[in-house]
Amino acid sequence: MKQNLFLGVEAIGQAAIDGGISGVYAYPGTPSTEITEFIQNSDKATEKGIRSKWSANEKTAYEAALGMSYAGKRSMVCMKHVGLNVAADAFMNSAITGINGGLVVTVADDPSMHSSQNEQDSRYYGKFAMIPVLEPSNQQEAYDMVYHGFQLSEDLGVPVMVRITTRLAHSRSGVVRSEEQPQNQLVLPADPSQFILLPSSARKRYQSLLSKQGEFEKAAEESNYNKLNIGSDKSLGIIACGIAFNYLIENFPDESCPYTVLKLSQYPVSNALVLEMQKHCEEVLVMEEGYPVVEELVKGIFSKKIKVSGRLSGALPRSGELNADLVALALGHEEKQGPSVPDLVVNRPPALCQGCGHQDMYKALNEAVDKYSKGRVFSDIGCYTLGALPPYKSIYSCVDMGASVTMAKGAADAGLIPSLAVIGDSTFTHSGITGLLDAVNDNSNIVVVISDNESVSMTGGQESSALGKIEAICAGVGVLPEHIRTLIPMKKYHDMMVKTFEEEIAYEGVSVIVFRRECIQAAARRLRKEKKMKENPKKMAQ
Amino acid sequence: MKTDIILAGVGGQGILSIASILGDAALHENLFLKQAETHGMSQRGGAVVSHLRISDKAIASDLIPLGSADLILSVEPMEALRYLPYLSPTGYVVTNTTPVLNIPNYPELEAVLAEITKQAQHVAIDADEIAGEIGNKRASNMVMLGAAAPFVHIHADKIEAGISRIFAKKGEAVVDLNIKAFRAGLQFALDNR
Ligand SMILES: Cc1ncc(C[n+]2csc(CCOP(=O)(O)OP(=O)(O)O)c2C)c(N)n1
Ligand code: SF4
């Protein structure tokens with residue numbers, strides 16, 4: 001069988017194509033971005049007419065995917081863990097409406113916060129919405145779970161979540177593909193009221209979701225992804241969730257694990273499997289990537305005599321990514337370590353690229369606000385967040401996408417004048433527009449800086465939904481045209497930039513200053529692509 | 001047989017091209033492979049690392065356990081030191097000696113190189129200079145791959161075949177340059193191990 005060397009994210013993209021989706025909907029977010037990019041770049045997906053353009057945010061992506069499911073077709077929606085917070089309203093309620101065409105929700109968590117604000121565990125969301133969650137232990141399982149996930153979703157009548165973490169997403173390994181499935185026909189739900197969540201029908205739908213819980217648990221009990229392996233040594237039992245299973249096996253090569261092991265990769269947790277496990281061990285160690293979801297839960301299933309340990313008990317660290325070394329320690333294995341890191345080694349933090357327009361914006365901003373006390377610039381999430389670090393040290397917040405505008409508004413309402421917001425173009429259309437509308441309606445005294453590099457750069461330069469629309473949007477929500485200023489962030493315009501800041505800070509109302517210059521990485525990519533197209537015009541048609 | 005390789009460098013140096021060639025060669029040898037990469041935030045001039053595991057048996061963990069890397073292959077000298085805890089007692093450190101000076105507090109280069117030569121088994125090579133002599137500094141990654149080849153359980157010819165396949169799209173001249181760079185690195189390692 002042909003092995004394809006796939007990153008976890010690529011395996012998922014391929015599985016969705018092979019599994020018969022008609023569309024993928026997503027907003028970029030590490031470590032989920034490359035799933036959608038894989039589909040966008042796939043000739044096969046183009047040939048099959050699979051739609052894959054980026055959405056403005058995770059909520060719009062989720063709802064569109066649900067609409068495609070309503071129309072009977074299979075769809076996938078992808079996001080990073082915090083993206084599910086944005087899509088949560090749609091997500092929770094889609095568990096109540098259920099689906100028509102199979103819907104797979106792929107969520108990529110980022111334990112250790114390699115590139116995120118937190119390390120929330122999406123399995124909680126799965127439990128919250130009461131839908132099945134699949135958690136692959138390796139790239140092949142990631143492929144299989146997504147490939148079969150659409151059928152599972154159609155069989156059970158609800159969206160199915162596939163939860164991955166950074167390590168699996170960004171690690172490559174051999175993957176064997178399954179046969180391509182045709183796309184579904186357009187067919188509307190048999191019950192026309194299925195998606196109308198008025199209280200009367202919502203109550204019925206909710207009862208239906210509740211009544212399916214046994215079925216979901218049975219599916220988990222019988223799932224090939226969950227395996228109970230009875231060991232000879234009764235002193236310990238191990239529950240290994242998702243990728244933690246690999247870290248366990250790393251510590252017991254060649255099937256040498258003497259303990260009973262429950263490999264857990266499909267939720268809800270099956271009581272039957274846990275109770276069966278109980279017969280074969282005196283103590284249980286739970287290994288899971290993320291929050292102690294399973295550790296907490298199984299305490300209520302096991303008899304009180306069984307001591308349960310894991311991240312909560314301190315057997316494993318409470319936070320951060322797992323690895324084979326941490327698992328080894330929890331198992332009491334001897335610690336291996338090479339030479340220690342010499343003291344002279346220093347950190348090498350990421351920084352804004354040389355020549356990046358955000359730099360010029362921050363230089364002007366710093367000069368303009370220097371005469372006021374510090375702590376007046378709220379910011380957001382993107383490359384420009386690096387303006388928090390030296391040499392700029394310009395910004396004082398980075399909370400969630402869009403929060404710069406609204407926090408600046410709240411602080412201005414409290415009397416912090418001047419109060420400024422720095423937001424990127426993509427973040428602005430993701431979640432900044434509604435906040436700007438609030439500020440306009442309240443005539444808040446704020447200056448909103450939109451640092452527009454015409455690209456979603458932090459996540460690798462995806463196409464921005466804001467492209468060519470920012471001034472029109474700002475005017476549309478009611479910012480006065482004379483207070484929508486557009487400048488090019490370059491050294492030679494520094495004085496003009498500072499002066500514009502001063503003028504708009506002096507204005508008592510909502511101002512927007514757009515700094516527009518293409519991200520230099522995006523520009524380089526664009527030039528490379530243009531060169532390629534010139535050399536190979538045939539490809540250009542695609 | 002297994003080779004566990006820590007590939008280290010700085011975002012933008014292109015360590016993943018080394019990984020993809022080794023990966024391609026391993027797959028052609030019907031070996032098992034896992035390769036964990038750094039994406040996202042740290043690509044912007046930060047430290048990047050890739051864990052590359054090649055074996056004739058199925059591989060469990062995507063990450064190499066501490067104290068068990070057979071090779072630390074670094075395209076930047078300070079970055080080689082950052083991952084020493086992963087090095088096995090019999091492992092090799094193969095590093096480029098040209099630093100990437102994108103931070104204000106980079107330590108004295110001599111002190112960095114002294115820490116490298118302290119390691120029992122090491123190859124320190126100025127890959128940028130060698131690549132420059134061959135005709136293109138950008139081939140320095142292939143010099144590094146060549147320098148690491150003696151410590152990977154895949155025959156150098158097979159790695160060369162991987163280079164040819166990976167660069168094939170870019171034309172013969174690029175393939176030849178990269179193979180030349182690879183051979184120069186290989187020769188250096190054989191002479192200086
Ligand atoms: C809800 C949510 N979705 C996605 C992300 C991932 N993310 C962080 S920054 C960013 C892009 C920001 O783009 P832009 O605002 O244009 O700034 P740039 O990086 O281009 O400077 C994305 C998608 C996130 N942190 N939170
Ligand atoms: S990727 Fe683009 S936006 Fe980000 S720091 Fe580099 S030049 Fe600036």
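A residue is called buried when its relative accessible area is under 20%, exposed when that area is over 50%, and partly exposed in between. In the predicted model described here, Met130(A) has a relative accessible area of 21% and is therefore partly exposed. Met130(A) belongs to the loop between helix H7 (122-129) and strand S5 (133-134) of chain A. The backbone at Met130(A) is notable for its phi angle, which is near 65 degrees, a positive value in a residue other than glycine. A positive phi also occurs in chain B, where Asn30(B) has a value near 60 degrees. Asn30(B) is placed in the loop between H1 and strand S2 (32-36) of chain B. With a relative accessibility of 70%, Asn30(B) counts as exposed, because this value is over 50%.

The overall form of chain A was examined next. Its secondary structure consists of 21 helices and 18 strands. For 542 residues, a compact globule would have a radius of gyration near 24 Å, and the 26 Å found for chain A agrees with this. The C-alpha trace of chain A spans about 75 × 65 × 55 Å along its principal axes. Of the 542 residues in chain A, 57% are buried. Contacts in chain A between residues at least 6 apart in sequence were also considered, and 79% of these join residues at least 24 apart. The area that chain A exposes is about 22600 Å², with 54% of it supplied by carbon and sulfur atoms.

Two peptide bonds in chain A are described here for their cis form. One of them runs from Thr30(A) to Pro31(A), with omega near 5 degrees. Pro31(A) sits in the loop between strand S2 (21-26) and helix H2 (33-41) of chain A. Another cis peptide bond joins Pro390(A) and Pro391(A), and its omega is about 5 degrees. Pro391(A) is likewise a loop residue, placed between strand S14 (377-378) and helix H17 (403-413) of chain A.

Ligand 1 is surrounded by 26 residues, of which the closest are Glu58(A), His358(A), Cys383(A), Asp425(A) and Thr427(A). Several polar atoms of chain A approach this ligand. An N or O atom in the side chain of Glu58(A) is 2.6 Å from a nitrogen atom of ligand 1. An oxygen atom of ligand 1 lies 2.5 Å from a polar side-chain atom of Thr427(A). The backbone also takes part, since an N or O atom of the main chain of Met458(A) is found 2.9 Å from an oxygen atom of ligand 1. On its own, ligand 1 has 590 Å² of accessible area, and the protein covers 97% of it. Helix H5 (81-86) and helix H18 (425-441) of chain A are the elements that give two or more residues to the shell around ligand 1. The largest share, 4 residues, comes from H18(A). By class, the shell around ligand 1 comprises 10 nonpolar, 13 polar and 3 charged residues.

Ligand 2 occupies a position between chains A and B. Chain A contributes Leu352(A), Cys353(A), Cys356(A), His358(A), Cys383(A), Asn453(A), Ser457(A), Cys519(A), Ile520(A) and Gln521(A) to its surroundings, and chain B contributes Arg44(B). The shell around ligand 2 divides into 6 nonpolar, 4 polar and 1 charged residues. His358(A) and Cys383(A) are listed around ligand 2 and also among the closest residues to ligand 1.

In chain B, two further residues were examined. Thr3(B) is part of strand S1 (residues 2-10). Its relative accessibility is 1%, which is under 20%, so Thr3(B) counts as buried. A polar atom of the Thr3(B) side chain lies 3.2 Å from the backbone nitrogen of His153(B). Apart from neighbours within four places in sequence, Thr3(B) is in contact with Leu52(B), Arg53(B), Ile54(B), Asp70(B), Phe151(B), Val152(B) and His153(B).

Leu16(B) is located in helix H1 (residues 15-28) of chain B. With a relative accessible area of 31%, which falls between the limits of 20% and 50%, Leu16(B) is partly exposed. When residues up to four places away in sequence are not counted, Leu16(B) touches Gln35(B), Glu37(B) and Ser50(B). The C-alpha atom of Leu16(B) is separated by 9.7 Å from that of Asn141(B), a residue 125 residues apart along the chain.

Note on methods. Residues are numbered from 1 along each chain as its sequence is written. Chains are lettered from A and ligands numbered from 1 in the order in which they are written. This is a predicted model: local features need pLDDT of at least 70, side-chain atom pairs count only at pLDDT 80 or more; totals for chains, interfaces and linings use all residues. Side-chain values use heavy atoms; hydrogens and water are left out. A residue is near a molecule or strand if one of its heavy atoms lies within 4 Å of it. Ala, Val, Leu, Ile, Met, Phe, Trp, Tyr, Cys and Pro count as nonpolar, Asp, Glu, Lys and Arg as charged, and the others, Gly among them, as polar. The radius of gyration is taken over C-alpha atoms; the globule rule is 2.2 Å times the number of residues to the power 0.38. Buried means under 20% relative accessible area, exposed over 50%, partly exposed in between (1.4 Å probe, protein chains only). Contact means heavy atoms within 4.5 Å. Accessible areas come from the Shrake-Rupley method with a 1.4 Å probe; for residues, only the protein chains shown count as cover. A polar contact is a pair of N or O atoms within 3.5 Å; within protein, one must be able to donate a hydrogen and the other to accept it, and residues adjacent in sequence count only if both atoms are side-chain atoms.
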